Amino acid sequence: MKKLLLFTLITMLFSCSNHNDSKPVSEISKLPPATQTGANTFGCLLDGKAFLPGNYNNSTNCFYQFVDGGYYFSVNANNINQDNYLISVGVGTNAKEIAQNGTYALEGMIPSNAYGTYALEGIPTRTNSTYTGELHITKLDSVHYIVSGTFWYDILDFQGNVHQIREGRFDFQYTN
């Protein structure tokens with residue numbers, strides 16, 4: 001009887017230790033939720049991998065300002081990749097007012113336009129007429145200074161690599 005009990009106990013322990021309920025975490029599930037509360041969050045898929053701001057000062061920036069007769073909006077995030085390079089991803093407008101529920105083509109950084117950015121080690125590239133995307137503002141609250149939205153775009157970096165930015169989302173209290 002003792003041998004049977006010992007065998008049962010060992011079998012149970014062995015089967016429990018080999019049982020794994022954890023599922024692989026999808027890249028999209030690593031992104032922050034698409035909120036509209038001023039949570040100061042940013043995330044997107046960069047070439048299929050979750051891209052989030054780094055855990056250090058100035059890893060994010062968001063502003064919406066009226067300057068010299070035009071509105072300028074920008075939200076971006078920075079982080080260090082696995083190769084120890086500084087990467088920056090963001091969207092913005094150049095002398096273009098944004099509005100809640102507005103959708104904007106991300107083309108180039110020219111007046112009255114919206115654009116997407118990607119920078120590797122501080123060398124920026126921007127969307128253009130060939131590599132484009134879309135920005136959608138889901139909330140713009142000028143009383144509480146909250147701007148939220150989603151975005152996607154393709155972009156060609158200075159080394160000739162095309163990057164796909166997908167499932168982008170942000171929710172910030174902006175400076176004006």
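I started at alanine 95, which counts as partly exposed at 26% relative accessibility. The model I am reading is a predicted one. Alanine 95 sits in the loop between strand 5 (86-94) and strand 6 (103-106). I looked up what it touches beyond its neighbours within four places in sequence: Gly70, Tyr71, Tyr72, Pro111 and Ser112. I also checked one distance there. The C-alpha atoms of alanine 95 and tyrosine 72 are separated by 5.4 Å, though their positions lie 23 residues apart along the chain.

**Overall layout**

Next I stepped back to the whole chain. I counted one helix and 11 strands. The helix comes ahead of the strands, in the pattern α-β-β-β-β-β-β-β-β-β-β-β. The chain has 176 residues, and 37% of them count as buried. I then took the contacts between residues at least 6 apart in sequence; 53% of these join residues at least 24 apart. The exposed area is about 10500 Å², with carbon and sulfur atoms supplying 54% of it.

**The core**

In soluble globular proteins, nonpolar side chains tend to be buried together. Which residues touch the most other members of the largest nonpolar core? I found Phe42, Phe73, Val89, Val91, Leu135, Phe151 and Phe170, out of 28 residues in that core. Strand 10 (residues 146-156) gives this core its largest share, four residues.

I followed valine 89 further. Neighbours within four places in sequence aside, its contacts include Phe42, Phe51, Val75, Phe151 and Ile165. Asn76 and Thr117 are also among the residues in contact with valine 89.

**Aromatic rings**

A pair of aromatic rings is described by the distance of the centres and the angle of the planes. I count nine aromatic pairs here. Is the pair of tyrosine 64 and tyrosine 71 stacked or edge-to-face? Their ring centres are 5.3 Å apart and their planes stand at 25°, so I log the pair as stacked. Tyrosine 64 is buried, at 8% relative accessibility. Tyrosine 71 is partly exposed, with a relative accessible area of 28%.

Tyrosine 64 has another partner, tyrosine 174. Here the centres are 5.9 Å apart and the planes lie at 80°, so this pair is edge-to-face. The pair links distant parts of the chain, 110 residues apart. Tyrosine 64 is in strand 3 (residues 60-67), and tyrosine 174 is in the segment after strand 11 (162-173). Tyrosine 174 is buried, as is tyrosine 64.

I then traced the wider group. One aromatic cluster is formed by Phe42, Tyr64, Phe66, Tyr71, Phe73, Tyr145, Phe151, Tyr153, Phe170 and Tyr174.

**On the surface**

I found a nonpolar surface patch of about 240 Å², made by Tyr56, Ile80 and Leu86. Isoleucine 80 belongs to strand 4 (residues 70-80). Its relative accessible area is 41%, so I note isoleucine 80 as partly exposed.

**Two asparagines with positive phi**

Most residues other than glycine have a negative phi. Where does asparagine 58 lie? I placed asparagine 58 in the loop between strand 2 (49-51) and strand 3. Its phi is near 65°, a positive value. Asparagine 58 counts as exposed, at 67% relative accessibility.

I noted a positive phi at asparagine 84 too, near 70°. This residue is in the loop between strand 4 and strand 5. Asparagine 84 counts as exposed, at 60% relative accessibility.

Methods:
Residues numbered from 1 in each chain as written. Heavy atoms only, no water. Patch = residues over 30% accessible without salt bridge, like charges linked within 9 Å, V, L, I, M, F, W, Y side chains within 5 Å. Areas by Shrake-Rupley, 256 points an atom, 1.4 Å probe, with all protein chains shown as cover. Salt bridge = Lys/Arg side-chain N within 4 Å of Asp/Glu carboxyl O. Buried < 20%, exposed > 50% of the residue type's maximum accessible area, 1.4 Å probe, protein only. Core = buried A, V, L, I, M, F, W, Y, C linked by side-chain atoms within 4.5 Å. Contact = heavy atoms within 4.5 Å. Phe/Tyr/Trp six-rings, centres within 6.5 Å; stacked < 30°, edge-to-face > 60°.
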